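Let's take a walk through this structure together, one piece at a time. Keep the picture open while you read.

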Amino acid sequence: MANFLLEIGAEEIPDWMIEPALADLHKRFADAFAAFGGSAITTDATPRRLVLQAKDLIAQAPDVEAVAPGPYLSAGAKAAEGFAKKQNTTVDQLAKTTDAKGERYIFHQLVKGQAAAHALAEKLPEIIISIHFPKTMYWTGKGGVKFIRPIRWIVALLDDQLIPFEIAGVKSGNTTRGHRILGSKTPLLVGINNYASVLEDNFVIVSTEERKERIEKALGPDVQKDEDLLKTLVYLTEFPTPIRGSFDKSYLELPKEILSTVMRHHQRYFSVVNADGSLAPEFVAVTNTAGDPDGLISQGNEKVLRARFNDARFFWQVDQQKKLSARVTDLEKVTFQAKLGSYKDKTERVRVLANEIAKALNADQKTVDQAALLAKTDLTTDMVKEFTELQGVVGGLYAKAQGEGDAVATAIYDHYQPVSMDAPIPRTLEGQIVSIADKLDTLRECFRVDMIPTGSKDPFALRRAAQGVVKILFEAKLPLDLKNHIADVPALLPFMQERIEFYLKDARGYAYDEVNAVMAAGFTTLQNLAERVDAIHTVRPTDNFEPLAASFKRIKNILKQAQLTTANPPKPELLVPGPEQELYQAFLKVRTATQATSVYREKLVQIASLRPQVDLFFDKILVNDPDPAIRENRLALLHSLLTEFSTIAGFSEIVTQGPSA
Amino acid sequence: MDSFQDTIFKLKHYWADRGAIIQEPYDLEVGAGTMAPETFLRVLGPKPYKVAYVQPSRRPADGRYGENPNRLYKHQQLQVILKPTPDDVLEQYLGSLEAIGIDLKKHDIKFEEDNWEAPTLGAWGIGWQVMLDGLEITQFTYFQQCGGIDLDLVPAEITYGLERIVAFLQNVNSVYDIEWAPGFKYSDVRLADEQQFSVYNFEMADVDMLWEEFKLHEKECQRLLDLFRAKKTGFERFPVLPAYDQALKCSNLFNLLDSRGAISVTERVGVIGRVRKLAVGVADAWAKQQAVA
């Protein structure tokens with residue numbers, strides 16, 4: 001048993017790419033070396049190194065017996081000799097076996113298991129350069145190896161044995177590098193057991209977890225929690241040391257959103273908050289140093305922040321000189337998309353759409369229209385040009401400062417939401433409407449000019465836009481029929497349906513067949529869809545439901561075989577007394593009962609109660625009666641049954657367990 | 001305390017000691033050191049090259065009438081090209097910071113992802129912005145493509161923002177307070193420049209004249225490129241470099257028109273495409289010319 005250590009030393013890797021890269025490395029390694037056992041594969045990383053360790057690898061993979069199939073005896077002696085020669089043996093050493101086509105030669109061959117050291121040396125280069133990164137570069141010259149950043153050293157040790165290989169001119173070895181500034185200037189000799197401690201002596205904490213703890217411990221309870229920022233900083237540093245700085249109280253006159261954005265996005269600082277949640281005039285920066293004894297780093301960061309805040313204050317003042325309402329025409333100069341014209345054009349379209357939706361939802365049309373008109377005007381402000389991630393937010397803040405009223409201001413502020421599956425939807429109905437109209441317009445226009453996402457390619461983030469629309473409609477329970485607003489762009493409907501299904505499965509956790517079943521019945525409002533899928537999900541575990549679903553599937557197949565797509569209602573006089581009549585009576589009763597309630601769960605319980613009659617019918621009655629009239633009538637009965645209740649869900653989509661029809 | 005010019009001298013010396021040619025700024029209006037032929041053309045082809053130069057870089061839209069302490073219409077870049085990139089390039093770069101008096105052990109240095117792309121040049125690269133105590137002081141790029149051509153040798157481009165670095169070293173809050181030379185501040189040397197060009201670029205430049213000029217330079221560049229393409233022999237002395245000057249003129253005129261607000265949405269993409277076509281054409285001609293030279 002031996003332990004393995006791999007360290008890929010590279011120039012600074014972008015923080016956000018590190019975890020996916022480690023996961024990929026882990027998987028590729030585990031797949032390639034499965035034959036060597038290995039009780040634990042762990043990965044770690046700093047900006048300058050990707051590290052993989054595997055414990056208890058066996059030195060030699062077990063031999064495996066392989067069977068090579070040879071020619072049939074009927075092919076003659078020549079073929080047999082040829083096969084034997086290819087296998088480095090003679091015909092008398094071949095075995096025989098019989099399969100469907102006759103007797104044939106086979107050769108049992110023992111494939112020697114590889115030595116771990118040999119296998120590692122052979123396969124690692126390919127594994128390493130195959131690690132997936134979103135964007136790679138070459139550095140040794142055209143046609144050279146590609147990686148995220150230049151590889152500068154590699155450590156590969158199997159216990160104390162060096163695993164030799166080479167990538168892009170870099171030979172693997174047993175030396176690593178310390179912290180760029182604080183560590184030894186010369187390469188550091190490491191062994192498999194002292195790897196982490198040698199690095200720690202040279203101001204590199206290899207363990208991601210330890211770096212994270214080190215930062216967290218120093219943050220203090222008044223620091224605004226921010227997991228994403230924390231992760232970024234963990235992967236931007238090899239020896240993280242948080243330091244505090246402060247800024248002048250006068251900057252607190254600026255909105256919190258703007259100050260936080262400057263600190264977080266531009267400077268990667270944590271905000272500090274007071275007990276009441278308001279911002280304190282302080283920040284925490286995480287340095288890649290051992291400390292700041294002279295306060296120089298703190299002063300430097302304070303100065304940079306001051307300049308940034310001054311910029312923001314300046315932008316705020318300059319921007320107020322021209323109201324948002326006076327900026328609408330300036331949107332002519334802001335490109336929405338090369339093929340789709342300017343944001344002025346977009347604004348006009350969004351207004352029309354937002355007004356239609358507002359009308360359908362009985363919302364305050366004046367507010368919606370004004371918010372839609374001004375929603376994009378902040379794109380012309382200096383503040384948004386500088387802090388693009390504050391689009392919408394700045395518009396909302398300015399609208400409020402310029403007396404547009406809270407309703408309009410909030411709608412503008414929120415209209416980019418939800419920006420992800422986890423993000424909140426706009427807080428007000430007017431905000432929801434503007435958000436939907438904005439996103440639907442983007443979708444409609446992109447689809448219109450054929451900019452449709454394919455596979456993993458979605459440069460205009462149309463899936464996210466569609467997901468946003470769906471999320472709002474579901475979560476705000478808006479009684480809006482989406483189809484009315486995309487009818488003129490046919491390709492968009494299936495795209496939206498995909499997002500609806502994704503939402504029900506991923507965000508709400510319904511089983512795929514439950515979702516398929518309700519989608520098969522079509523939809524008007526998403527709220528109605530949500531009620532139906534919830535009903536299916538609730539009633540599904542009851543005794544009658546799945547067997548009935550199986551029967552519906554059978555009915556569907558029968559109708560399909562009979563090629564019956566439309567039918568008149570069954571003629572009662574042609575129904576044969578007994579199970580057939582009974583089914584018909586039960587059907588009429590259930591139909592009345594389901595029509596009497598608007599609660600889908602109750603409807604479903606009623607429908608499920610048909611099961612005994614349906615079972616009895618299939619048990620006793622042959623649909624294919626020799627008399628065509630009776631046969632037609634039976635099919636008509638089944639057809640009524642299926643269509644009547646399929647408006648709630650396509651029950652045949654439900655995947656049933658056990659014996660089905 | 002080192003003056004602005006002292007710091008420049010030290011950086012030039014540092015890179016000269018490492019084998020770089022010290023060039024003077026290119027004598028045409030450019031938006032960045034990258035556009036000077038010493039970068040844009042020299043990175044093409046298989047010949048190693050090392051050069052450093054200060055390039056005054058004009059960005060008309062960034063002008064602030066001399067009133068913003070950090071923003072300038074024209075700033076000074078110190079541009080270093082190392083082709084091919086030495087393995088210890090980042091160590092060499094950090095050494096240059098020490099050479100201008102930054103005690104790295106007392107400061108916080110980070111390399112944060114920042115890839116560079118210039119659509120008008122058909123150029124892009126992979127790299128970082130270098131942060132010193134939260135201040136971006138350098139853009140570092142491994143060039144991958146230039147003028148639409150995959151590069152044979154991968155050069156490293158190091159672009160120092162001189163005003164920022166020196167403001168940091170001199171601990172002043174405004175670039176205008178930088179001491180350029182003993183007794184002379186940055187404002188003494190450059191403030192009038194900023195004020196007048198901001199007025200011209202934003203308010204007074206004659207749009208019709210700029211368009212006219214743009215078309216003339218574009219036509220001249222294209223004429224030369226067409227002649228080059230038609231040639232079967234005698235590439236060596238063909239004026240590819242003058243053709244590039246014409247392309248640079250177009251690029252600057254585009255920036256001026258843009259800051260005058262004279263380019264509409266629908267025109268914009270088209271105009272960028274026209275400049276790019278010239279730059280790509282010149283790069284292609286230069287590469288061919290180098291191959292026979």
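Which domains does the domain assignment of chain B give? There's domain 1, covering 4–200, and domain 2, covering 206–292. Before we go on, bear in mind that this is a predicted model. The C-alpha centres of domain 1 and domain 2 of chain B sit 25 Å apart. Where these domains touch, domain 1 of chain B puts in 21 residues, and domain 2 of chain B puts in 21 residues. On the domain 1 side of that contact you'll find twelve nonpolar, six polar and three charged residues.

Now hop over to chain A. Its domain assignment starts with domain 1, which comes in pieces 2–60 and 115–201, and domain 2, at 64–111. After that come domain 3 (208–315), domain 4 (325–527) and domain 5 (542–653). To get a feel for the distances, take the C-alpha centres of domain 2 and domain 5 of chain A: 60 Å separate them.

Chain A is built from 23 helices and 19 strands. Its radius of gyration is 34 Å, well over the 26 Å that the globule rule gives for 661 residues, so chain A is more spread out than a compact globule. Along the principal axes, the C-alpha atoms of chain A fill a box of roughly 100 × 95 × 45 Å.

How do the chains meet? The contact draws 35 residues from chain B and 33 residues from chain A. On the chain B side, helix H3 (89–99), strand S4 (109–113), strand S6 (123–132), strand S7 (135–146) and helix H8 (265–292) each supply at least two residues. S4(B) gives the most to this side, with five residues. By class, the chain B residues that touch chain A split into 16 nonpolar, eight polar and eleven charged.

Next, let's look at how some helices pack. Two packed helices are described by the angle between their axes and the distance between the axes. In chain A, helix H7 (residues 256–266) and helix H8 (residues 296–320) have axes that come within 10 Å and cross at roughly 140°. That's why H7(A) and H8(A) count as oblique to each other. The crossing of H7(A) past H8(A) is right-handed. Ile258(A), Val262(A) and His266(A) make the contact from H7(A), while Arg308(A), Phe309(A) and Ala312(A) make it from H8(A). That adds up to four nonpolar, one polar and one charged residues.

Further along chain A, helix H19 (residues 545–561) and helix H23 (residues 628–645) have axes that come within 10 Å and cross at roughly 130°. H19(A) and H23(A) are therefore oblique as well, and H19(A) passes H23(A) in a left-handed crossing. Phe552(A), Ile555(A), Lys556(A), Ile558(A) and Leu559(A) of H19(A) meet Leu635(A), Leu638(A), His639(A), Leu641(A) and Leu642(A) of H23(A). The classes here are eight nonpolar, one polar and one charged.

Let's finish with a few backbone oddities. Most residues other than glycine have a negative phi, and most peptide bonds are trans. Gln417(A) and Pro418(A), though, are joined by a cis peptide bond with omega about -10°, and Pro418(A) lies in the loop between helix H13 (406–414) and helix H14 (429–448) of chain A. Over in chain B, the bond from Lys83(B) to Pro84(B) is cis too, with omega near 0°; Pro84(B) is in the loop between strand S3 (74–83) and H3 of chain B. Asp159(A) has a positive phi, near 50°, and lies in the loop between strand S9 (151–158) and strand S10 (161–162) of chain A.

Notes. Residues are numbered from 1 along each chain as its sequence is written. Chains are lettered from A and ligands numbered from 1 in the order in which they are written. This is a predicted model: local features need pLDDT of at least 70, side-chain atom pairs count only at pLDDT 80 or more; totals for chains, interfaces and linings use all residues. Two residues are in contact if their C-beta atoms, placed from the backbone, lie within 7 Å. Helices (H or I, at least four residues) and strands (E, at least two) are DSSP runs, numbered from the N terminus. Ala, Val, Leu, Ile, Met, Phe, Trp, Tyr, Cys and Pro count as nonpolar, Asp, Glu, Lys and Arg as charged, and the others, Gly among them, as polar. Domain bounds come from an automatic or database domain assignment. Axes are lines fitted to C-alpha atoms, for helices over the stretch in contact, and angles run from 0 to 180 degrees between N-to-C directions. Angles under 35 degrees count as roughly parallel, over 145 as roughly antiparallel, 65 to 115 as roughly perpendicular and the rest as oblique. A crossing is left-handed if the near helix is turned anticlockwise from the far one by less than a right angle, and right-handed if clockwise. The radius of gyration is taken over C-alpha atoms; the globule rule is 2.2 Å times the number of residues to the power 0.38.
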